[in-house]
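The following paragraphs lead the reader through one protein structure. They begin with a single pairing of side chains and proceed from there to the wider fold.

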Amino acid sequence: MRLRRPRWKDPRLIVGIVLVVASVLMGALVVSRLAETTPVMVARTPIVPGDEIDPANLSTVEMRLGDQDELYVGTLGAIPDGAVATRAIQAGELVPLSAVGQAEDVPLRPVVIPVDATVAESVAPGATVELWHTSPAAEDGGQGNAELLVSDSIVRRIDEGSSLGMRSMAVEVLVPRDDLASVLEVLSQEERLDVIGVPGAHGVAP
């Protein structure tokens, strides 16, 4: 049998050309999507829950987020007036939309705790800390008992100008609303309340 040269009107040739063109276009589309960047806001400094989201503390970077771009704040215009952080946002972290809300969305309350200077110097704003209550020793010579009151407090700020005698500094921490009563009770009795940094947490000195 003699092989005939394909003609331009041959349906098989036309289908083959269409498939080749389609594959090239699809490949170009995929490459362009992979190379496409999206503007996203990044925190310059730590932002703690309840703090107003100040544009001065944010910067814009271009990143390839793919399908995740809708999870983060892309422009300052996406931040409502009076918006605050509802969770801790660390320096250099992308600002998630889920962390932007109003003051009533923050289930934390600030409490100022007097501490030793060494404790205050070992943590930074945004750090996760534990609050431990050590009851005083019994009159019969028994030892005091240590109890974990709060496992997930967040340091809001360090007060270095406090004059509190032996405990010359103070740490303002954000305490879950459900734990607030027990913390205030200990402070009102002037009993020992220790701020303990969580190992490996951001803002805790090694």
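In this predicted model, a salt bridge joins the side chains of R156 and D51, with 3.6 Å from N to O. The two partners come from distant parts of the chain: R156 belongs to strand 7, whereas D51 sits in the loop between strand 1 (38-43) and strand 2 (58-63), and 105 residues separate them. D51 has a relative accessibility of 22% and therefore counts as partly exposed, since buried means under 20%.

A second salt bridge, of 2.8 Å from N to O, is formed by the side chains of R157 and E172. Because R157 lies in strand 7 and E172 in strand 8, this pair ties together parts that are 15 residues apart in sequence. The two partners are covered to differing degrees: R157 is partly exposed at 39% relative accessibility, while E172 is buried at 13%. D51, R156, R157 and E172 are linked in a network of salt bridges. In general, side chains of opposite charge can pair when their charged atoms come close.

The structure holds five salt bridges. One of them brings together the side chains of R192 and D194, at 2.8 Å from N to O. Here R192 is partly exposed, with 46% relative accessibility, and D194 is buried, with a relative accessible area of 15%.

Strand 8 also contains A170. This residue has a relative accessible area of 2% and is therefore buried. The C-alpha atoms of A170 and R157 lie 8.8 Å apart in space, with their positions 13 residues apart in sequence.

The nonpolar interior may be considered next. The largest nonpolar core has 20 residues, of which I113, L131, V173 and V183 touch the most other members. At least two residues of this core come from each of strand 5 (108-115), strand 6 (128-134), strand 7 (146-159), strand 8 (169-176), helix 3 (180-188) and strand 9 (192-197). The greatest contribution, four residues, is that of strand 8. Leaving aside residues up to four places away in sequence, V173 touches R109, P110, V111, I113, V129, L131, S153, I154, V155 and R156. Another core lies apart from this one; its 13 residues include I47, L58, A85 and I89.

These elements belong to a chain with three helices and nine strands. Read from the N terminus, their order is α-β-β-β-β-β-α-β-β-β-α-β. Of the 206 residues in the chain, 30% count as buried. Among contacts between residues at least 6 apart in sequence, 64% join residues at least 24 apart.

Attention now turns to the surface. The accessible surface of the chain comes to about 13400 Å², and carbon and sulfur atoms account for 56% of it. I17, V21 and L25 make a nonpolar surface patch of about 260 Å². V21 is found in helix 1 (residues 11-35), and its relative accessible area of 44% makes it partly exposed.

Finally, the confidence of the prediction varies along the chain. The mean pLDDT is 81, and 77% of the residues score at least 70. Among the elements, helix 1 has the lowest mean pLDDT, 67, and strand 3 (residues 84-85) the highest, 94. Over residues 162-167, pLDDT stays under 50, and the model has 13 contacts beyond four places in sequence for this stretch.

Conventions. Residues numbered from 1 in each chain as written. Predicted model: local features only at pLDDT ≥ 70, side-chain atom pairs only at ≥ 80, totals over all residues. Heavy atoms only, no water. Buried < 20%, exposed > 50% of the residue type's maximum accessible area, 1.4 Å probe, protein only. Contact = heavy atoms within 4.5 Å. Areas by Shrake-Rupley, 256 points an atom, 1.4 Å probe, with all protein chains shown as cover. Core = buried A, V, L, I, M, F, W, Y, C linked by side-chain atoms within 4.5 Å. Patch = residues over 30% accessible without salt bridge, like charges linked within 9 Å, V, L, I, M, F, W, Y side chains within 5 Å. Salt bridge = Lys/Arg side-chain N within 4 Å of Asp/Glu carboxyl O. pLDDT = per-residue confidence, 0-100.
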